[in-house]
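Reader: I have a few questions about the words used for this structure. Could you take me through them?

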Amino acid sequence: MPSSVVPRTAAVASLVAAALAAGLLTGSAAASAAPAPGDGVRIHDVQGSTRTSPLAGQAVAEVPGIVTGVRTYGSSRGFWIQDPGGDGDPATSEGLFVFTGPGSTPAVKVGDDVRVSGTVAEFVPGGAASGNQSLTQLSRPTVTVLSSGNELPAPVTVSAWSVPSRYAPEGDPAAGGSVNALPLKPRTYALDYYESLEGTNVRVGTSRVVGATDPFSELWVTVKPFENPTAGGGTRYGSYASQNTGRLQIQSLVPTAEQPFPKANVGDWLTGWTEGPLDFSQFGGYTLTARTLGTVADRGLQPERTRPQRRGELAVATYNVENLDPSDPQETFDALGRAVVENLASPDILALEEIQDNSGSRNDGTVAADKTVRKFTEAIVAAGGPAYEWRSVDPENNKDGGQPGGNIRQVFLFNPERVSFTDRAGGDATTPTGVVRDGRRAALTLSPGRVDPGNTAAWESSRKPLAGEFSFRGRPVFVIANHFASKGGDQALTSQFQPPNRSSEVQRVAQARSVNTFVKEILKADRRADVLVVGDINDFEFSATTKTLTEGGALHAAITSLPRAERYSYVFQGNSQVLDQILTSPSIDDFEYDSVHINAEFAEQNSDHDPQVLRFRP
């Protein structure tokens with residue numbers, strides 16, 4: 001991304017261009033006959049009192065307004081206008097975005113008094129299939145500037161007291177669950193409140209950061225610091241009904257080449273007033289596009305360190321290392337190695353997710369990952385850690401999802417000074433491991449081996465579970481490392497469909513059922529077997545996925561032993577949430593759990609996930 005481009009403008013621009021070409025932008029394919037000048041249409045007439053304009057597809061002339069913001073960077077260019085008068089109806093916005101086109105720099109300035117003619121359009125960021133709400137805008141505009149330097153309409157202050165606590169209305173069943181045609185109730189629902197301010201000049205006062213600055217020059221704040229707070233200063237997504245209404249994304253209208261976007265971690269404060277038009281983005285929904293940006297006050301958040309395991313304790317950890325391959329900078333390997341030693345206290349067994357093959361994303365048929373793992377284990381030794389040994393099973397080429405050509409997989413690292421691995425040969429990408437009774441104990445037929453790899457309903461284009469049998473102080477310990485299907489394709493919390501459809505959950509539930517069945521096979525052979533299901537489950541502790549994993553008492557979601565304010569491993573759009581988990585069989589009933597917060601809350605990350613550690617005495 002060029003340094004002068006602010007968040008995802010190229011992506012947005014391409015969506016706009018595609019929509020214009022495909023007619024997804026309502027009213028863009030053919031404008032109505034030009035109306036007579038001075039037809040009296042005002043911004044609130046364009047916006048209407050629902051999510052979509054009553055004038056969509058129609059041409060309007062000489063809509064008056066004061067320019068409150070101009071986007072000049074990248075290809076998604078345009079400006080916002082606002083009626084300084086208005087109709088007094090809280091359901092109708094007095095602000096409007098004017099889209100000037102992919103390559104056209106708007107010829108207006110903040111404070112200009114303009115008259116705009118154009119076509120009313122409903123642009124759906126991400127396309128209609130995304131389920132996103134639409135952005136009401138004027139396209140193909142003709143602009144007349146009457147005067148400059150005018151006072152801006154007073155901003156609407158978005159605060160804890162103005163945003164309702166209820167998130168969204170139930171969608172209309174007759175419209176497939178869409179809320180688009182429902183009259184806005186901005187005093188009742190948070191999404192309706194924000195929609196009633198679409199395009200309006202708004203501001204937030206000093207607010208706590210709940211989503212760190214990301215590579216696209218964005219951060220998230222909350223105007224409700226008391227809303228489900230986490231120990232690190234975030235806001236926790238603890239149920240499907242806890243969407244956290246105070247969250248708001250912040251971008252800047254000033255190109256980063258002119259003014260670098262501030263770096264902030266979760267728990268920092270964005271102090272002073274942040275003011276600008278309220279936009280709607282594919283990547284986060286309602287977004288304050290700041291004309292003026294507050295100042296970040298650093299609250300000194302530090303990466304956590306878990307304690308070392310004691311004598312007799314086995315420490316098992318899981319860590320998603322985010323598409324690691326040998327071409328990554330040595331600094332990345334060094335940082336990950338230090339984290340294993342300093343932050344995770346060199347766990348005895350470490351299950352890694354997203355280890356790529358030796359050629360990384362180059363789609364050349366390579367599936368082996370020994371070079372990737374060797375660079376990682378050498379970095380751990382260089383950081384003062386143990387000389388880990390490792391086990392894994394190479395996947396079939398391009399059959400397990402993830403980045404094409406990368407062939408991500410799970411890998412076991414283990415410290416041979418503390419724990420041994422029980423090798424049983426024959427495991428490959430397509431042969432399932434099984435369970436047999438070996439004397440009075442359970443045993444795997446293949447170790448390492450893959451669990452149920454032929455189950456296409458569960459594992460099609462997804463990572464198959466890696467099962468391994470370990471021995472600690474003479475007692476077998478079974479670890480199943482997972483990386484369940486992602487949430488790609490799910491409708492956003494800000495979707496026009498309420499409640500949103502979690503379409504990806506179907507596969508994860510099937511995956512959870514497969515793993516649950518396998519764990520029950522181990523417990524059938526030995527009801528006191530120590531089994532740990534670990535990894536990037538890609539789902540919440542309250543989800544149907546987790547409920548299926550724990551079905552029949554086969555497993556317990558260990559992260560639920562933590563105080564609620566500590567239950568998170570990932571931050572998405574300002575919501576601190578659980579994606580990474582360790583689940584335990586009934587025999588592991590006395591343990592200590594730690595979600596080690598070293599990445600998700602920070603602007604500078606070695607991965608976007610926080611590792612998890614569990615210690616127990618087998």
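Author: Start with a definition: angles under 35 degrees count as roughly parallel, over 145 as roughly antiparallel, 65 to 115 as roughly perpendicular, and the rest as oblique. Note also that this is a predicted model.

Reader: Why are H4 and H5 called oblique to each other?

Author: Helix H4 (residues 330-343) packs against helix H5 (residues 370-382) at an angle of about 55 degrees, and their axes are 7 Å apart. That angle falls in none of the named ranges, so H4 and H5 are oblique to each other. The crossing in which H4 passes H5 is right-handed.

Reader: What makes the contact?

Author: From H4 come Gln330, Phe333, Asp334, Leu336, Gly337, Val340 and Val341, and from H5 come Thr372, Lys375, Phe376, Ala379 and Ile380. By class, this contact of H4 with H5 has seven nonpolar, three polar and two charged residues.

Reader: How many cavities of 30 Å³ or more does the rule give?

Author: The count is four. A cavity is a set of points where a 1.4 Å probe fits but cannot get out. The second largest cavity has a volume of about 130 Å³. It is lined by 13 residues, with Tyr167, Trp220, Arg247, Gly284 and Thr494 the closest to its centre. Helix H3 (190-195) and strand E10 (247-252) each supply at least two residues of that lining.

Reader: Which residues lie nearest the centre of the second largest pocket?

Author: Pro303, Ala335, Asn343, Ile598 and Asn606 do, out of 13 lining residues. The second largest pocket has a volume of about 290 Å³, and its lining has five nonpolar, four polar and four charged residues.

Terms used:
Residues numbered from 1 in each chain as written. Predicted model: local features only at pLDDT ≥ 70, side-chain atom pairs only at ≥ 80, totals over all residues. Heavy atoms only, no water. 1 Å grid on protein atoms, 1.4 Å probe; cavity = no way out; pocket = protein on both sides within 12 Å on 5 of 7 lines; lining within 4 Å. Points joined across faces, edges and corners; volume = space filled by probe spheres on them. Nonpolar A, V, L, I, M, F, W, Y, C, P; charged D, E, K, R; others polar. Axes fitted to C-alpha atoms, helices over the stretch in contact; angles between N-to-C directions. Helix = DSSP H or I, 4+ residues; strand = E, 2+ residues; numbered from the N terminus. Left-handed = near helix turned anticlockwise from the far one by under 90°. Contact = heavy atoms within 4.5 Å.
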